[in-house]
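User: I would like a close look at a single part of this model, followed outward into its surroundings. Please explain each term when it comes up.

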Amino acid sequence: MSMTSTIDAKADSSARAAPQFKPLTKHIGCEVEGIDLREPLAPEAASAIYRAWLDRAVLLFRDQDLTQEDLIRVTGIFGEFAPLGRPAHTLPKGFAKILPNIMLISNIRENGETIGALPDGEMMFHHDTIHRDEPHKATLLYSVEIPTYGGDTLFASGTAAYDALDPAMKKKLEGLRAVNFYVYNSVKRNDKQAVDATSQAVHPVVCTHEETGRKALYVNRLMSVRIERMAEAESDALLNFLFDHSEKPEFVYTHVWRKGDLIVWDNRCSSHARTDFPADQRRLLLRTTVRGTCRPY
């Protein structure tokens, strides 16, 4: 057999590979096995992966060795690219370029300036771009450099959290809408003057997933600041109850990163958080996002 035939057979075998799915927790997360994302996926495999993603909200692909072009191609499985939020200030060592639509998440500093976004420390639970009228549908995050400990990402199932509420609370939440701000720890929830200067959007406290039809809690500790037409004390009490409830361990998958991990999460029905990590150790991940197709109603 010629070398060309061997390569063609390998590519054909990869394209025909059927993914296997292993749940990571009872309520959220699934590891996808048997797939090398460097190779194009057969339509049947891509469809199976997408269905598993809708069912489990978070997919994990371990031990991947992806180029930026690979990451762009895989993102397309989940929808249309969302506009890039924050481009890289400086290229990290070993990178000749950063493609459009790829964001760096990194604490690496060159000449005293971070090369990427969201560089340091702990981050509370949040939904990406909930402060916009049409939030992103999905986020993909691929690990290039990882510290020896810390920097874990926690994913919470808003669907499981909603399902576990008692009927009286579900009734209470019907029709309620929350105000969400782009804060990222820089603005206190009661600092109304500062908050008014940031990006903001109003969404239902409970959203209905446009594809699955399932309901999920759609408020989070970092960005949801108040419930419309509700007294401040009552709003704070209700939101704090929902934050505590949605972050219960039984609804959460904690991901300990390894180099070569790719995770994709459904931003419509899950929230995520980050643990602290050593400031003197390098952390670099590549991120893409998928445009939302509608408001989460």
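Where does Arg62 lie?

Analyst: Arg62 lies in the loop that runs between strand S3 (58-61) and helix H3 (68-75), where helices (H or I, at least four residues) and strands (E, at least two) are DSSP runs numbered from the N terminus. This is a predicted model, in which local features need pLDDT of at least 70 and side-chain atom pairs count only at pLDDT 80 or more, while totals for chains, interfaces and linings use all residues. Residues are numbered from 1 along each chain as its sequence is written, and side-chain values use heavy atoms, with hydrogens and water left out.

With a relative accessible area of 18%, Arg62 is buried (buried means under 20% relative accessible area, exposed over 50%, and partly exposed in between, with a 1.4 Å probe and protein chains only). Its side chain is joined to that of Asp261 by a polar contact of 2.6 Å, a polar contact being a pair of N or O atoms within 3.5 Å, of which, within protein, one must be able to donate a hydrogen and the other to accept it, and residues adjacent in sequence count only if both atoms are side-chain atoms. Once neighbours within four places in sequence are set aside, Arg62 is in contact (heavy atoms within 4.5 Å) with Glu31, His255, Val256, Arg258, Gly260 and Asp261.

One of these partners, Glu31, leads to a further pair, for its side chain meets that of Lys22 in a salt bridge (3.6 Å, N to O), a term that requires a side-chain nitrogen of Lys or Arg within 4 Å of a carboxyl oxygen of Asp or Glu. Glu31 is buried at a relative accessible area of 13%, whereas Lys22, at 39%, counts as partly exposed. The whole structure holds 21 salt bridges; among them is one between Asp266 and Arg268 (2.9 Å, N to O), and both of these residues are buried. Salt bridges with shared partners draw Lys137, Glu210, Glu211, Asp266 and Arg268 into one network.

On the other side of the loop, helix H3 has Gln68, Asp70, Leu71, Val74 and Thr75 as buried residues. Viewed down the axis of H3, these fall within an arc of 155° (taken from the directions from the helix axis to the C-beta atoms), so they line one face of the helix. What covers them includes strands S8, S16 (262-266) and S18.

Of these covering strands, S18 (residues 284-290) has seven of its seven residues buried, so it is largely enclosed by the rest of the structure. In a regular strand the side chains alternate between the two faces of the sheet. In S18, Leu284, Leu286, Thr288 and Val290 point one way, and Leu285, Arg287 and Thr289 the other. Strand S8 (residues 138-145) pairs with S18 in the antiparallel sense over seven bridges, pairing being counted if DSSP finds at least two bridges between two strands, and Ala138 stands opposite Val290. Strand S4 (residues 103-106) also runs antiparallel to S18, joined to it by four bridges, with Arg287 as the bridge partner of Met103.
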